[in-house]
Amino acid sequence: MPKKELAKGYTTGTCAQAATRAAMQMLFTGEKVEQVSVELPQGEKLQLDITDIQRKYTDRELPDMVSCAVKKNSGDDPDITNGVLVYSQVRLSETGQIHIDGGIGVGRVTRPGLNQPVGEAAINRVPRQMIRKEVEEACEEVGYTGGIDVEISIPEGTRLAKETFNPRLGIEGGLSILGTTGIVNPMSEQALIDTIEVEMKVCLAEKYRYLIIAPGNYGLDFLKEQYSIEENDVVKCSNYIGQAIDMAVEQDCKGVLLVGHIGKLIKVSGGIMNTHSRWADCRMDLFATAALRAGIAGEKAVEFLDCVTTDDALEKCSEEERTRIMEKIMMRMEEYLNYRGKGEIQVGAVTFSNVYGILGKTEKAEELIERFRKERHIQ
């Protein structure tokens, strides 16, 4: 049976563009607009419905302000913004300039390294171009040379932003207006990797050159409890350990420390740099191999192969055996991390268990932690 093709959607940037086009038409004609056609950055055209139209009049026959919305459609992408209303409010201005800003539910940039400068609304460069294009074309059609103020808002944005990476990235108070093509492709690995890259760029934009990366919440909790390092200072890399190191090399980082639970990081000791279980799940094989390298009898190694989790395997070890096995695991982990870092940056790792605490550190781990803490003035 052929695999069903996932439906595409359109971005918050496209919604803002279409709402702005409709609002500008109504501002200059006074006529209600319930559907518009917009051209996206790559030339594709979309027809979108307009809703929640509001017009304000003072002493003119035509409105001084128009507000309307487009309902976001994310297609088959599991996007929390699916179904939200993206509003554009346009009004005449005496400045002679086109000014684009964010209103309620659109975040504000508070940290350097993002797509917009600190203090600006989190409306990215391409959506700003799309919005500006609609304003300029509408003005040109009627010969208007005065100013226009555009305000983009997402009433549900403040609430939904808490479920996104925005607070970690330094975007406060709402969602971002995003999109480079105007189209939403169903969520891909690349989209997750792009998010990791943005987090990394934010850290490096603040003049930091040493990073700590952690696959998930276990690592974040461990770092806070063990080293008083807060979540916002850590780059969350999910399963994409190799790609995160590659990006650190490309962005002129000096050192990266990987911190995570043994159940995930043991895979790195086998050279596995994407730790998702669909790519590889050889935790027990690697544990048993490390045991053999550590001189532990073959029968015991076979027992490890039958364990379900690394914590189960650790429980079968004496403290002395655990130490010897972890030394071999960390040694192999360090070799593969250094290989991925291409000798251009320092790379280290700390691994732990929720039951046994810190299990192992590579040779450079403590040095990397100290450099990281010193840069951020963490006591």
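These are my notebook entries on the empty spaces and one helix of this structure.

I worked from a predicted model, in which local features need pLDDT of at least 70 and side-chain atom pairs count only at pLDDT 80 or more, while totals for chains, interfaces and linings use all residues. Residues are numbered from 1 along each chain as its sequence is written, and side-chain values use heavy atoms, with hydrogens and water left out.

**Pocket.** I looked up the largest pocket (on a 1 Å grid over the protein atoms alone, an open set of points with protein on both sides within 12 Å along at least five of seven lines; lining residues have an atom within 4 Å of a point), and found about 1500 Å³ of space in it. It is lined by 45 residues, and those closest to its centre are Leu178, Gly179, Ala191, Asp194 and Thr195. Helix α5 (a DSSP run of H or I, at least four residues) gives the most to this lining, with eight residues.

**Cavity.** I then turned to the largest cavity (a set of points where a 1.4 Å probe fits but cannot get out), whose volume is about 40 Å³. Its lining consists of Arg111, Arg168, Leu169, Glu199, Val202, Cys203, Asn232 and Val234, and α5 supplies the largest share here too, three residues.

**Helix α12.** I checked the 22 residues of α12, residues 319-340, which at 1.5 Å a residue should span 32 Å, and the end C-alpha atoms are 31 Å apart, which agrees. Among its buried residues (under 20% relative accessible area, 1.4 Å probe, protein chains only) I noted Ile325, Ile329 and Met333. Just after α12, Lys342 takes a positive phi of about 60°.

Conventions: Points joined across faces, edges and corners; volume = space filled by probe spheres on them. Helix = DSSP H or I, 4+ residues; strand = E, 2+ residues; numbered from the N terminus. Expected span 1.5 Å × (residues − 1). Buried < 20%, exposed > 50% of the residue type's maximum accessible area, 1.4 Å probe, protein only.
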